[in-house]
Amino acid sequence: MDCCAHEGPGGGDARFDIHKVADGVWAAVASPAYKVNCNTAIIESSDGVMVVDTHSKPSAARVIVERLREMTKKPVRYVVNTHFHWDHWHGNEVYPAAYPDAEIVTNDITREAMVKKGLKRIQDHVRQVPSEIAKLKADIQAASPAQRGKLEADLKLAESYLAEVRALKPALPTIAFEHTMKLYRRDREIHLLHLGRAHTEGDVFVYLPKEKVVITGDAMIGWTPYMGDGYPEDWAGTLDRLAQLDFTHIIMGHGDVTGREWLNTFRSYVLDMVEGVRQEAATGATLDEVKQRVTAKLAPRYEKPFSTYGEYRPWRTGVAANIERTFGMVS
Ligand SMILES: [Zn+2]
């Protein structure tokens, strides 16, 4: 790969703010991007580095590798994937290429989901992005001068994403565990846990008991959760098991580093949304009625806290999708 891939095709919108969370533990928090990137957690131990999740494309993972090389001479030994979604593992291939001894780790359920669903979705992207590009081109033709600049920037990003996803060499996990995997390093313990179904069937949580840090993948994020592959009715219970662990800092799949207060708000949202849908569905209401009533019920408490990212991830769009998913499962 060329020396400056982070500035070249595809890397244009991969930007990360690196925050120290504890000694040797950092969160690389992804800025909003045309093709969303997840956060990466970086854990440096006596014998090497663990990174958690690898973004939506190799060029984004390469940005992290460059930052890592400025931070430490130690090699990356473990790459953890928290779940099978594209924006958390499409950059995997970068790590074994940069660090030949790196192992990619997840649980059995998530590895199987990558094989059965994730690989197919890569081909779906290859097929679908060209029509996204065609639509952007048509939109540019019809756009006012004020809108044009943003659309043209998006077009470049979509084109470079297509080139990257076409060339992707999906790197599947080389180690899969069943329930729990614990690493005992000289200076820290790292627990990889499966606490039940939430954002996907196989969500992996990474827990550092001594540093009191937990890494959640998309079981917790800074905006309205995506439930398209999720289990809304199980989600709050999984977060209850998470809450039983002793920690102070949460590195989420997306959004800034947070703490227990956001866990409470996030869990209550999921619980109240599911409960609202159940109650309305039991009265025989249609999906549209349920959407309208449950959104109105949730808005006073949840619209503001879940709107931190504004138009990038609007709450009302998210909650409508959450209600639809839940309605399909309870009725
Ligand atoms: Zn996800």
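The questions and answers below go through the cores, cavities and salt bridges of this structure.

The model is predicted, so local features need pLDDT of at least 70 and side-chain atom pairs count only at pLDDT 80 or more, while totals for chains, interfaces and linings use all residues. Residues are numbered from 1 along each chain as its sequence is written, and side-chain values use heavy atoms, with hydrogens and water left out.

Q: Which helix gives the most residues to the largest nonpolar core, and how many?
A: A nonpolar core is a set of buried Ala, Val, Leu, Ile, Met, Phe, Trp, Tyr and Cys residues joined through side-chain atoms within 4.5 Å, where buried means under 20% relative accessible area, exposed over 50%, and partly exposed in between, with a 1.4 Å probe and protein chains only. The largest such core has 39 residues, and those with the most contacts inside it are M220, L242, F266 and Y269. At least two residues each come from β10 (204-208), α6 (232-243), α7 (260-282), α8 (287-302) and α9 (315-330), these elements being DSSP runs numbered from the N terminus (helices H or I, at least four residues; strands E, at least two). The greatest contribution, 9 residues, is that of α7.

Q: Which residues does L242 touch, not counting residues up to four places away in sequence?
A: L242 is among the residues with the most contacts inside the largest core, and contact means heavy atoms within 4.5 Å. With residues up to four places away in sequence not counted, L242 touches L195, F205, V214, T216, M220, F247 and L263.

Q: Which element supplies the largest share of the lining of the largest cavity?
A: A cavity is a set of points, on a 1 Å grid over the protein atoms alone, where a 1.4 Å probe fits but cannot get out, and its lining residues have an atom within 4 Å of a point. The largest cavity holds about 50 Å³ of space, a volume being the space filled by probe spheres set on the points, which are joined across faces, edges and corners. Two or more lining residues come from each of β3 (40-45), β4 (48-52) and β5 (76-80). The largest share, 3 residues, belongs to β4.

Q: How many charged residues are in the lining of the second largest cavity?
A: About 40 Å³ of space lies in the second largest cavity, whose lining includes N39, D53, I215 and M252. Ala, Val, Leu, Ile, Met, Phe, Trp, Tyr, Cys and Pro count as nonpolar, Asp, Glu, Lys and Arg as charged, and the others, Gly among them, as polar. By these classes the lining has 5 nonpolar residues, 5 polar ones and, as for charged residues, 1.

Q: How far apart in sequence are the parts that R77 and D47 tie together?
A: A salt bridge is a side-chain nitrogen of Lys or Arg within 4 Å of a carboxyl oxygen of Asp or Glu, and in the one between R77 and D47 the closest N and O atoms are 2.4 Å apart. R77 lies in strand β5 and D47 in the loop between β3 and β4, so the pair ties together parts separated in sequence by 30 residues.

Q: Is E201, the salt-bridge partner of K117, buried or exposed?
A: The closest N and O atoms of K117 and E201 are 2.9 Å apart. K117, at 29% relative accessibility, counts as partly exposed. E201 has a relative accessible area of 17%, and therefore counts as buried.

Methods
On a 1 Å grid over the protein atoms alone, a cavity is a set of points where a 1.4 Å probe fits but cannot get out, and a pocket is an open set with protein on both sides within 12 Å along at least five of seven lines; lining residues have an atom within 4 Å of a point.
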